[in-house]
Amino acid sequence: IPPGVSLVAPLFIGSYSKISGSGQIGPNAVISPYCLINNSDLICDSLIMSGTATGSHTELNGMAARGSVLVNLRSGATVTSPDAFILGDVRDGKEQPSGNLASTLLAAFLMLLLLPLGLPLLLLSFVIPSLVLQKSCLGNRRMKTLAGDNPRTPFTLRQFSFGPLLLRRWPGFFAVMAGDLTLIGAAPTIEGKAEQREDDSIFGLDTARGLIQIWEVEGDVPESLEEQHARENFHAVTRTVGTDLKVIVKALTAFPPAT
């Protein structure tokens, strides 16, 4: 819990929960274990059940929340939030695989689509090594349980040093084919930076893998590091085929870049 969070008794915060930002928790707030409270403005007179993630500028007053479902404790009315960045499910106890068939097939399609551009650049990189950037990554952490710390296998992520998004990421499609990456998701954790994010490791969210970040598409308005971090966490725990397709369409329509 960072110093900016205001705690007003009486309240209860369960184990393995993370609270960030500068909002107010309490009075009369109960946050169950395995919750992610990400910069929420106010939580009072409310019950947050296990596995629930709340987003920035969320105010829960007299509510019970479980995943994306809200119950008004005064009236009994129930509503489901359609926005995973406001309210979502951390998927307690579920496994998040390191790769999937859809990502593999799409990576193969994009490799073939960009082959006339990507292959010559890859061959040229043997003569001019600076054409390809390499990052040593810690490997996938599968979110089997929120409290677990599953082992990771290091790998090297490669990308071109210039060009539009999809072309830059073309060498990385090999990592998707090998199962080291999923195509859509958060950025890989780079060696040397993992120590700065140990507070997230309890959730297993710091190493969700992806080549096309949800916030990193040509033409998008640049986001702050906090906004990127919020999207990374919430996309990792709530990603669906629908949200992945939106990112893919944004990336495809941005290639080639407008002149």
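**Figure 1. Ile-212 in the predicted model, within the loop between helices H4 and H5**. Ile-212 is buried, with a relative accessible area of 2%, because buried means under 20% relative accessible area. The loop that holds Ile-212 runs between helix H4 (173–177) and helix H5 (225–238). Thr-182 is shown as the partner for a distance: the C-alpha atoms of Ile-212 and Thr-182 are separated by 9.1 Å. Along the chain these two residues are 30 residues apart.

**Figure 2. The aromatic pair of Trp-170 and Phe-174**. The count of aromatic pairs comes to 1. Trp-170 and Phe-174 form this pair, with 5.8 Å from centre to centre and 85 degrees between the planes. The pair is edge-to-face, because planes over 60 degrees apart are given that label. Accessibility is given for each partner. Trp-170 has 1% relative accessibility and therefore counts as buried. Phe-174 has a relative accessible area of 41% and is therefore partly exposed, a class that lies between the limits of 20% and 50%.

**Figure 3. A nonpolar surface patch with residues from helix H2**. The patch covers about 800 Å². Leu-112, Leu-115, Leu-119, Leu-123, Leu-124, Phe-126, Val-127 and Ile-128 make up the patch. Helix H2 (residues 115–124) gives the most to it, with 4 residues. Phe-126, another member of the patch, is found in the loop between H2 and strand E15 (132–137). With 67% relative accessibility, Phe-126 counts as exposed, because the exposed class begins over 50%.

**Figure 4. Ser-125 in the loop between H2 and E15**. Ser-125 is buried, with a relative accessible area of 11%. Not counting residues up to four places away in sequence, Ser-125 touches Leu-131 and Val-132. Phe-126 is found in the loop between H2 and E15 as well, but Phe-126 counts as exposed at 67% relative accessibility.

**Figure 5. Thr-58 and its contacts**. The loop between strand E9 (52–54) and strand E10 (59–61) holds Thr-58. Thr-58 has a relative accessible area of 8% and is therefore buried. Its contacts, leaving aside neighbours within four places in sequence, are Ser-40, Asp-41, Leu-42 and Ile-86.

**Figure 6. Two cis peptide bonds that lead into proline**. One is the peptide bond from Ala-9 to Pro-10, with omega near 0 degrees. Pro-10 is found in the loop between strand E1 (6–7) and strand E2 (11–13). Another cis peptide bond joins Gly-26 and Pro-27, with omega at about 5 degrees. Pro-27 lies in the loop between strand E4 (24–25) and strand E5 (29–31).

**Figure 7. Tyr-34 and Asn-39, non-glycine residues with positive phi**. Phi of Tyr-34 is near 65 degrees. Tyr-34 is placed in the loop between E5 and strand E6 (36–38). For Asn-39, phi is positive at about 60 degrees, although the residue is not a glycine. Asn-39 is found in the loop between E6 and strand E7 (42–44).

**Figure 8. Cys-35 and Cys-44 in a structure that holds 0 disulfides**. Cys-35 has 0% relative accessibility and therefore counts as buried. Cys-44 is also buried, with a relative accessible area of 8%, because the limit for this class is 20%. A disulfide would require a pair of cysteine sulfur atoms within 2.5 Å, and the structure holds 0 of them.

**Figure 9. The whole protein, as context for the close-up views.** The protein has 6 helices and 16 strands. Of its 259 residues, 43% are buried. About 12,800 Å² is exposed, and carbon and sulfur atoms supply 61% of this area. Among contacts with a separation of 6 or more, 50% are between residues 24 or more positions apart.

Terms used: Residues are numbered from 1 along each chain as its sequence is written. This is a predicted model: local features need pLDDT of at least 70, side-chain atom pairs count only at pLDDT 80 or more; totals for chains, interfaces and linings use all residues. Side-chain values use heavy atoms; hydrogens and water are left out. Patches are made of residues with over 30% relative accessible area and no salt bridge: like charges are joined within 9 Å, nonpolar side chains (Val, Leu, Ile, Met, Phe, Trp, Tyr) within 5 Å. Accessible areas come from the Shrake-Rupley method with a 1.4 Å probe; for residues, only the protein chains shown count as cover. A salt bridge is a side-chain nitrogen of Lys or Arg within 4 Å of a carboxyl oxygen of Asp or Glu. Helices (H or I, at least four residues) and strands (E, at least two) are DSSP runs, numbered from the N terminus. Buried means under 20% relative accessible area, exposed over 50%, partly exposed in between (1.4 Å probe, protein chains only). Rings of Phe, Tyr and Trp (its six-membered ring) pair if their centres lie within 6.5 Å; planes under 30 degrees apart count as stacked, over 60 as edge-to-face and the rest as tilted. Contact means heavy atoms within 4.5 Å.
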